[in-house]
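Welcome! Let us take an unhurried walk through a protein model, one region at a time.

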Amino acid sequence: MLVSPDDHRTVRTRAWLPTGGTLPAAAFEARHRTVVVLLWLHVFALPAFAVARGYPLAHGAVDTLPILICAVAAPHRGLSQRARASIGALGLVTCSAIFTHLWGGVTEAHFHFFVVVALLSLYEDWVPWGLAIGYVLVHHGLMGALDPRSVYGNHSDAVRHPWRWAGIHAAFIGALAGVNLVSWRSNELARRGANRARAALAHRATHDPLTGLPNRGAFVEHVEQELDRRRKRRVADGHVAVLFVDVDDFKVVNDSLGHGAGDRLLEAVAVRLTGALRPRDVVARFGGDEFTVLVSDVADQDDALRVAERLAAALRPPIELDGAARFVTASVGLAVAGERGDGGDDADQLLQDADAAMYHAKQRGKARCEAFDDSLREAALRRLALEGGLREALTHGELHLDYQPQVRLPDGEITGVEALIRWRHPQLGAVSPAEFVPMAERLGLIAEIGAWVVRTACAEAMRWERAEVEIAVNVSPRQLSSPDFADTVREALRTSGLAPRRLCLEVTETALLADVDAARAMLARLRALGVQLAVDDFGVGHASLRHLRQLLPVDVLKIDKSFVDGLAEDRDDAAIVSAVVRLAEGLGLDCVAEGVEDAEQAEALAAMGCSNAQGYFFSRPVAPEALASLLAPAVV
């Protein structure tokens, strides 16, 4: 369809002209109150002016009657804003007309019209402002024709040609109108810019900047609104469900591909989740790699589980990331409002329950969905208590080290010990390292705790009477990747006075392979300090002989307990253990078998040529005082 030049000019003109009617309500009320006050001032001032000009008071009162009507009607709340503004406009220009009439049409009186028209432009509405300009034009022409001296005074040409001079006055008013329009348009543009800025700020306050999804605060508000809506309606058919979705192993993507790739993966996950839901459902980014979903009107828990399965199916196809296909799974926890039957559900409780169910899904192997039940609430409360307590455990002196001896085969002589961290919670008692160490990793506390372990182990080793006994300390992946770790070890050795050769740092295969180049660089710095290095849990990771060669020189290979357990009855485990022993011997490394629990295992390891072992068969982990007794020379 062709558009004519005239149409283009019309569009441009409309774009330039102000819209009108955009004044905020509060600003309108403030300006309208000013107009009403001015009307009432004129109601009393104009009769007085009439008397001063020699007119009877009755004449001034009759002239002022229309203004009084407008002053009474203009504030009426039953009328629309535009109607109230129009009444106020008609009242004010009537004030100008009567003022000009009472003054005998002198030129100075006409300035009242200019002031009034300028004032009425502050309504920023075409109707009242247009009424004022039209009123001026009609008044000057009509009254100029009927009673020219009341409008133009003794101006002879204006008396003879009132409509011509009405046009001249209209031209002046038109010039004023142009100035009003420019000011009016500028105000509108400034308001639009401010409104856009406020809207953008409000959006940023309630939405995640990466995915554009609602953020934590907005999601909680959505849940509360949905729960309130259902309480007010007292509906009994259907429930509100909250799903907590956590991307599995997202840290691996960040660590291996970089945070930029991790961000792009989260964006893709957000799109997948949104596409799998109904328009009325709400998906939000809760933080990090966690998403939450609000699903309303589910029939029961099974219905909510089907939604979770739909989300899992949406994530199943590979995601294209930097030219490669990446597969994503998620652990999902769900909680359904009203399932408990006590009506006490709120947004925070639902989220806590869904989070507890998600955590349970992680514990059961990931890539699955778990529904909340009351047994999980106790576990969640325990986890919250542990997470809160772990942050204060070091400060409050709740952590300590036990030591498990490592013995030489076959004579059982103690040659070293492994430091094992323990935590006694003031209310919950002893907490297993298997429970709190992963928690410390997740909370970012492991580096601080690990540094404390190194310092404490070095200091306590100096109290033993046998100076040749070595002490082994486990190193977490985060410690190994920290550029400050070597300095931490150096300072612990310097402060304690422990000979570097007596300290052995144990690192798992998984930690070594997360970033081989970085691991090699850190191992080189540690070796330069003179400490020994061990590969812990050897055989359960994914290290190849090529990787092992890259990470050399290490000093010790530790055979994982899972192979030692089947040493007597499983030929495959026996073959693996024998092969690792020979590999260590060939590379000139010491070999330590973990988890030895009976004499048969100890004898088999000795027969294979394994040099060292540790486990309950020799000694359980003991406190420093008990270890000192074990290491004390025998009294003859």
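Is Gly217 buried, partly exposed or exposed? Before answering, keep in mind that the model you are looking at is predicted. Now find helix α10, which spans residues 216-233 and contains Gly217. The relative accessible area of Gly217 is 48%, and because exposed residues must be over 50% while buried ones are under 20%, Gly217 counts as partly exposed. While you are there, look for His207 as well: Gly217 and His207 are separated by 10 residues in sequence, and their C-alpha atoms lie 8.7 Å apart in space.

Next, turn to the surface. Trp40, Phe44, Leu65, Leu68, Ile69 and Val72 make up a nonpolar patch there, and together they offer about 590 Å² of accessible area. Two helices, α2 (25-52) and α3 (57-73), each contribute at least two residues to this patch. The largest share comes from α3, with 4 residues. One member to pick out is Val72, which sits in helix α3. Val72 has a relative accessibility of 52%, so this residue counts as exposed, the cut-off being over 50%.

From there, move along to helix α11, made of residues 250-257. Which of its residues are buried? They include Phe250, Val253 and Asn254. These three lie on the same side of α11, because the arc they cover around the axis is only 95°. A general point helps here: an α-helix has 3.6 residues a turn, so residues three or four places apart point the same way. On the other side of α11 you will find Val252 and Ser256, which are exposed. And what covers the buried residues of α11? The cover includes β1 (239-247) and α12 (259-275). Just after α11 comes Gly258, with a positive phi near 100°.

Our last stop is a set of paired strands. Strand β11, residues 470-475, pairs in the parallel sense with strand β9, residues 414-425, over 4 bridges. To see one of these pairings, look at Glu418, whose bridge partner in β11 is Ala472. Strand β11 also runs parallel to strand β12, residues 503-508, and 5 bridges join the two. Here, Val475 stands opposite Val507 of β12. Strand β11 therefore has pairings with both β9 and β12, since two strands count as paired when there are at least two bridges between them.

Key
Residues numbered from 1 in each chain as written. Predicted model: local features only at pLDDT ≥ 70, side-chain atom pairs only at ≥ 80, totals over all residues. Heavy atoms only, no water. Patch = residues over 30% accessible without salt bridge, like charges linked within 9 Å, V, L, I, M, F, W, Y side chains within 5 Å. Areas by Shrake-Rupley, 256 points an atom, 1.4 Å probe, with all protein chains shown as cover. Salt bridge = Lys/Arg side-chain N within 4 Å of Asp/Glu carboxyl O. Buried < 20%, exposed > 50% of the residue type's maximum accessible area, 1.4 Å probe, protein only. Arc of directions from axis to C-beta. Contact = heavy atoms within 4.5 Å.
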